[in-house]
Amino acid sequence: MNYLTVENISKAYGERVLFEDLSFGINKDQKIAFVAKNGSGKTSILNIVAGKDTPDSGQVISRKGIHIAYLSQEHNFDANQTIEETIFATENKILPIIQQYEAALQNPDDAEAYQKAFDLMDQHNAWDFETQYKQILSKLKLDNLQQKVGSLSGGQRKRLALAIILINKPDLLILDEPTNHLDLEMIEWLEAFFSREKITLFMVTHDRYFLERVCNEIIELDNGQLYKYKGNYSYYLQNKEERKALEATNLSKAKSLYKKELDWMRRQPKARTTKSKSRIDDFFEIKQKAHQRRKEHEVQLEINMERLGSKIVELHKLKKSFDEKVILDGFEYVFKKGERIGIIGKNGTGKSSFLNILTKQLPLDGGKIVVGETVKFGYYTQKGINIKEGQKVIEVIKEFGEEIPLTKGRRISAAQLLERFLFDRKKQYDFVEKLSGGEQKRLYLCAVLIQNPNFLILDEPTNDLDVVTLNVLENFLLDYPGNLMVVSHDRYFMDKIVDSLFVFRGNGVVENFPGNYSDFRAYEDSKTPEPKTEKKEAVKREKTPQKGKLSYNEKREFGVLEIDIEKLQKKKEQIEAQFANGEVASEDINDKSVELQQIIEDLETKEERWFELSMKMEG
């Protein structure tokens, strides 16, 4: 079933033509990735397909009645609303029913309201929906539903937008870099969610594992032409190489034929026959084919690096906290020459703060950092390039000098260096603010590398870079002889370039793991979960009741149990945290211990009763 058809769309901004005469279709259950270089107009195409922008020519036709949702890079929420209010402000008909049921649980004495809410949940089969809805919010770390949207970070807003879209289950989901601002755990959950759900996707993403495991078709825009590949990322790479080889062969044949026909044209008499006129027309077509030049430039990164001495960087008992949030608690490490370390951990565990501490942009609370005399940091941050009004691309690079030293004693001009970063001579005189997000990131990367660092620090370098640039950057980093430290949620990137990991567990715990991300994931998956944790997770996972045979009083008891269990669980965690943080006075230790033991016993009793009623409902 066809959901949407794109017919001959074109888009230009002034003299700059992004694309023209593009046509493709999106059918039910397709999971399509759209691949193109930065600056090719990927986001413009998504905006046009989603109906947020109009093409200069052509049209987009969508099937009548289908629900299309778009996850863009910009999100317009009411800053005064809470997360919960924002979610329930959407047009989903089941959400108000769940909201009514939640309100009834908070007031169990109103038997009539509770029964009415319970019956509506049954009538609309909302139990499964509520389970999924709560799971989505939990997985995207949006647990505090009363938090104001205005206080959310940019990453939290993106996760909220994603949660709303997933909860509302559109027929066609359009995604612009869905894995940006998600930590690795969230990405793997989203990957599994999309893989198992029957959902139609059209997305732009640089995450190649995501492409590999989610998408069943890839559409590539290359030199103004669309190419379609029925398969995942590995299939796309294989078939793209075959296509390029065939194109090279055809180009060689066209050039040979052009030389032959050019010789004939020069020997022709002025009087033309009908047959010769036809051949002349063919000649100009052959000429066009023979003069086609592919812009398959690769970023050539041969920046000269200053020699590293024997002492690199030493970290001695580092301590850092933000109020009660502990980032580092006595962390120690001595870097060796040429080490390549990846940093992973959930959002908010202090990964970027650690990099800022290492580069002395953030002060320590305790401990010290000793940096070797020969060390020169190159720090690529998430903030990106500092755009000055009216500044041109080439002027950014010339701030570091007219000429740049390369390896083996060679030198190149700033203009030549930019060409190696895929900025042609015309593009070099564009204003920086006119560049796409990916082009600005590429320019920023260039500006960091030309300063000849021998200790390179990259904070989320893969965000907004196209797949072509990523492959070239990886190849450069594999040959980079200096020290390398990377924070990234791009698992493919991490697997390829790092040898060990700093794993930020939270609460100041940082573990050193010998291996790349896939090694770490295999190790984590092989660990046996603790039975107690497993039981707790089971309670959480199966918390929502399913339709079954309970008496009125049992239904009411079931709802009250949910509230009691949640309250006891929070109280238990609160007291355990007080013990862990040393907040319990010595004279209160005995009383607190007795209180904690009583809470644990009450919790176990109520959980057993909850399971008993749950089994009865399922029976």
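Are R491 and E191 buried or exposed? Select the two residues in this predicted model: both R491 and E191 are buried. Their side chains form a salt bridge, with N and O 2.7 Å apart. R491 belongs to helix α16 (residues 491–497) and E191 to helix α7, so the pair links parts that lie 300 residues apart in sequence.

Next, display helix α7 (residues 184–196) together with helix α5 (residues 126–139); their axes come within 10 Å and cross at roughly 150°. On the α5 side the contact involves Q135, I136 and K139, and on the α7 side M186, W189, F193 and R196. Sorted by class, the residues of this contact are four nonpolar, one polar and two charged.

Move then to the open sheet of three strands, ordered β2-β1-β4 and paired antiparallel. Strands β2 (16–27) and β4 (57–62) are at the edges with a single partner strand each, so one side of each lacks a neighbour in the sheet. On average, neighbouring strands are turned by 10° against each other, direction ignored. Select β1 (residues 2–13) with β4 to view their antiparallel pairing over five bridges; V6 stands opposite V60 in β4. Helix α1 (residues 42–49) lies across β1, β2 and β4, at about 50° to β2.

Finally, select K606 and D564, which form a salt bridge with their closest N and O atoms 3.4 Å apart. K606 is in helix α20 (residues 589–618) and D564 in helix α19 (residues 552–580), so the pair ties together parts 42 residues apart in sequence. K606 is partly exposed at 26% relative accessibility, and D564 is partly exposed at 22%. A last selection, R16, K427, D430 and E439, shows one network joined by salt bridges that share partners.

How values were computed. Residues are numbered from 1 along each chain as its sequence is written. This is a predicted model: local features need pLDDT of at least 70, side-chain atom pairs count only at pLDDT 80 or more; totals for chains, interfaces and linings use all residues. Side-chain values use heavy atoms; hydrogens and water are left out. Axes are lines fitted to C-alpha atoms, for helices over the stretch in contact, and angles run from 0 to 180 degrees between N-to-C directions. Helices (H or I, at least four residues) and strands (E, at least two) are DSSP runs, numbered from the N terminus. Contact means heavy atoms within 4.5 Å. Ala, Val, Leu, Ile, Met, Phe, Trp, Tyr, Cys and Pro count as nonpolar, Asp, Glu, Lys and Arg as charged, and the others, Gly among them, as polar. Two strands pair if DSSP finds at least two bridges between them. A salt bridge is a side-chain nitrogen of Lys or Arg within 4 Å of a carboxyl oxygen of Asp or Glu. Buried means under 20% relative accessible area, exposed over 50%, partly exposed in between (1.4 Å probe, protein chains only).
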